[in-house]
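Q: Please take a close look at how the helices pack in this structure, and at the empty spaces they line.

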Amino acid sequence: MVQPGWRDVLFSVKTFGAAVLALYIAFALDLTQPTWAMLTVFVVSQPIAGMVAAKSLFRAIGTIMGAAVALTLVGAFAQSAPMFLVSLALWIGACTFTSVLLRDAPAAYGAMLSGYTAAIVGIPAALAPETAFDYAVGRCIEILLGIGCATLVSQVIFPRTAGEALKESVNATLEDAADWTRDVLHGKSQQEKALADQRKLISDAISLDGLRVFATFDTPSVRAASNVVRHLQGELLSLLAILVSVNDRLALLRGLAPDKHAALQDILVRTASLLPAPGDPLRHDPSLGAVAEGLRQEAMSRLPTFDDMVHDHRSIPVRNILLRIGDLVTTWRRILDLREALLLGNTMSLSEAAPSTDRYRDITFALVAGSVSTTAVLATSALWVSSGWQQGSSAVIFSGVICSILGALDDPVPSAANFLRMTIFSAIFAAIYLFAVLPSIDGFVSLVFAFLPFYLPFGILLGLPRISLKVTPLGLNLVAFLGLTNVRSQPDFASFANSSLALLAGIGAGILMFRLLRPLGVEWTVRRIRRGILRDLERLAGPETMVSRNRFASRMFDRINALFSRLDATQPDQRALMRSALAALRVGFNLILLKEASHEIPRDAATAIARVLAELERHFRDLRMGTTISGPLHAIDDAVAILLARPVSRVEDLLTALVAVSSALHQHADLFGQVRSSPVPDIIRQGFPA
C-alpha cells in the first residue's frame, strides 16, 4: 500500500487551489462553461513544475490546432454530415498515429490533443454552425485559463523543479551504476540479480533525457548545461554497454579458462576500489583522476600481444576484458566530471558534439493505433446518425478520446475497462452533487467547500505515480458530468441520465474496437521489438550503412528498455530473451569495429571480413523475416584462419571482435538461431573445451 507523503498533500492543496482560482476567474469573466477551466487544471497538473509547463505548452498548442481544424471542417462540411464525420475520424486517426509514433516525447501529447479536441469543439459547433466560431473561441479561452492557473501555481507556490529532480535522479542512477559495477568486477553479478540491476539502470538512464527536457522549462542552469546532461547520459549508456561486455567475458573466462580469470583478480579488485563503498554517497575526489589513469595504463600494458594470442588462444577474451577495463575507468572519470559540472552549474568545455538520443519508432504499431481511432469514431458516428439519438454526439466524442488516450498501450482493454469503471463511479458522484448538494449551494465559497471533501483526497492520489493513472478518470469525468455554467438551472435527471449513458456508450465503443481490432497483446509488441533488434543488426552489417556507436547504442538501449519493461525475469524463456537482447548490443559494437578496421587491412583480409558481414546481414534478415536460416556461419572461421596465418594491422582487435561475435551467436541461439556449434572459431577451438 503506497503511503502519501507531505509532498503529495502539498501537491493536492496546490492543485485544488489552482482549480478554484480558474473556476473563480471563469465565473467572474462570465465564460459560458467554467467547468472546462477547472477540468484543465486537473489534466495538466503534475508534481514537478517543469512537467506542468511542458504539458501546458503542448496542451495549448494541441487545443488551438484542434479548434482550428474543427472550424475548418465545420466551414467545409457543415452541410454534409457524412463528409464532416469521415473527415473528423481521419483527423483523429492521423493524430493518434503521430502521437503513438512520437511515443513519450512531449510533442506526442500535443498531437493527441489536436485529434480529440477537434471532436470536442467540432461536433457541437457543427450542430450550430452559426455560433461555431464563438463556441471554439470560448473553449480555447476556458482551457487556456486552466492552463495558466495550473502553471502559475506550480511555478510560484513551493515549486519542485525538474532540475532538482534531474540532479537527484543522476545521483541515484550513478550510485546504482557503482553498485552494479562492483558486483560485476567482484563476480557477484548473478543472472537474475544482474538482469534486475540492468533493467533498473537502463530505465533510469533512458528517463534522464525526459527529465532533461522538462528541466529546460524550469531550471535555467540545466537549460544552459543541456549538452552536459546529454553527454552524461551518453557516457552512462556507454558504461552500461562496457559492463555488459565485461560481465559476459568474465563469465566465459570463469568457465573456460579459470587460471586466466584468477590472474585478472588483482586489477579487477583495484578497479572496484575506485568506486564509492556500498551506501556511501558520491564525492568529488581530486586524486581519483591520477589513480584511474594509472589503472588504465596498467591494463593497456598487460594486453596480450598477437603472438600471445596465437600461442594461447585463451588470451583473446583476456585482451577483451583488459580493453574494457581501460574503457571503464576512463568512462567513470568522465561521468564524475560531468556530474560535478551539472551539480555546481559550472560550464564545461566539450569539444565533441552531444551524443545522439535516437529513439526507435514503430510505424506499423502507430498505424494500427490510428486505424482503431478512426474506426471507433466512424462506428459511433454511424450509430448516432442511424439511431437519431440526440445525445449520441457524446458517444462519438468519447470513443475518439478513449482510443486516442490509450492507443499507445500494448493491451489497452484493461485500462479502458478501468476508465469505464471510474467513469461510472464519477457519474454516481455527479448525481449526488447535482441533485443533493449543489441545489443548496448559495455562493462560490460554499461551492468550494462542497468540492473540498472529494478533490483534496483525489489530488493526493493524483500525485502517486502507481495510482494516478487509475483514478484520473474519476475526478476528471466528475467535472465533465457536473457541467458548471454561469446559468443556474434546475437539474433534470432524464437529461443527466441520457448524457451519462452516451458518454459511457462512447467508452464502451472504444473498448469494443480495442477488442476487435487490437487482440494483439504484449506478445505481439515483444515480437516487434525483437524484429527491430534484428533489423538494426542487419542494417549495421550492411555494406552501405555507417552508424555511429553512440547512435546505435542509444536506439538499442531504447529497444532493450522497452523489452525489459514487458518481460518477467523470473520466467526462464523471457530471462533468456533479455540476456540475448544485451548480447545483441555487444554484437552491434563488434560489427562497427569490424567495418571500421576493414578499411585499414590488406585486400584478402578485408574481403574475408566483408564475407563475415555479408553472411551476418543475410542471417539477421532471414531471422527477422522468419525464413529458414541457411546453416552454420563459416565465414567467421575462414576470417580467423586468414588473420592468424598472416598478421595485419589491428589484427588483435579484429580477432577479439570475431571471437566475441562467435561467442554471442553460440550462447544466445534463442535470438540468433543455431548457427555456431562452439563459442570460438574452429581453428582455435583446441584452446578451449568444445
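A: What follows describes three helix contacts, together with a pocket and a cavity that share elements with them. The model is predicted, and every value below is computed from it.

The pair formed by α23 and α24 is a suitable place to begin. Two packed helices are described by the angle between their axes and the distance between the axes. The axes of α23 and α24 come within 10 Å and cross at roughly 175 degrees. Angles over 145 degrees count as roughly antiparallel, and α23 is therefore roughly antiparallel to α24. From α23, the contact draws on R549, F552, A553, M556, F557, I560, L563 and F564. From α24, the partners are L577, M578, A581, L582, A584, L585, G588, F589 and I592. By class, the residues of this contact comprise 15 nonpolar, 1 polar and 1 charged.

Both of these helices also help to line a pocket. Rolling a probe the size of a water molecule over the atoms shows where empty space is left. The second largest pocket has a volume of about 570 Å³. It is lined by 26 residues, and the closest to its centre are R324, D327, R549, F589 and L593. Of these, R549 and F589 also take part in the contact between α23 and α24. At least two lining residues are supplied by each of α10 (226-256), α15 (315-344), α23 (549-564), α24 (572-597) and α27 (651-667). The greatest contribution comes from α24, which gives 7 residues to the lining. The lining of this pocket consists of 10 nonpolar, 7 polar and 9 charged residues.

A second contact joins helix α2 (residues 35-44) and helix α6 (residues 132-156), whose axes come within 7 Å and cross at roughly 45 degrees. Because of this angle, α2 is oblique to α6. The crossing of the two helices is right-handed. On the α2 side, W36, A37, T40, V41 and V44 take part; they meet R139, E142, I143, L145, G146, I147, C149 and A150 in α6. Sorted by class, the residues of the contact of α2 with α6 are 9 nonpolar, 2 polar and 2 charged.

Helix α6 leads on to an enclosed space. There are 2 cavities of 30 Å³ or more in the model. The second largest cavity has a volume of about 90 Å³. Among its 13 lining residues, the closest to the centre are K14, T15, Q46, A150 and S154. One of these, A150, is also part of the contact between α2 and α6. Two or more lining residues come from each of α1 (6-28), α3 (49-77) and α6. The largest share, 4 residues, belongs to α1. The lining of this cavity has 8 nonpolar, 4 polar and 1 charged residues.

The remaining contact is that of helix α16 (residues 363-387) with helix α21 (residues 493-517). Their axes come within 9 Å and cross at roughly 130 degrees, and α16 and α21 are therefore oblique to each other. Their crossing is right-handed. In α16, the residues V368, V372, T375, A376, A379 and T380 meet A509, M513, F514 and L517 of α21. This contact holds 8 nonpolar and 2 polar residues, and no charged ones.

Conventions. Residues numbered from 1 in each chain as written. Predicted model: local features only at pLDDT ≥ 70, side-chain atom pairs only at ≥ 80, totals over all residues. Heavy atoms only, no water. Axes fitted to C-alpha atoms, helices over the stretch in contact; angles between N-to-C directions. Parallel < 35°, antiparallel > 145°, perpendicular 65-115°, else oblique. Left-handed = near helix turned anticlockwise from the far one by under 90°. Contact = heavy atoms within 4.5 Å. Nonpolar A, V, L, I, M, F, W, Y, C, P; charged D, E, K, R; others polar. 1 Å grid on protein atoms, 1.4 Å probe; cavity = no way out; pocket = protein on both sides within 12 Å on 5 of 7 lines; lining within 4 Å. Points joined across faces, edges and corners; volume = space filled by probe spheres on them.
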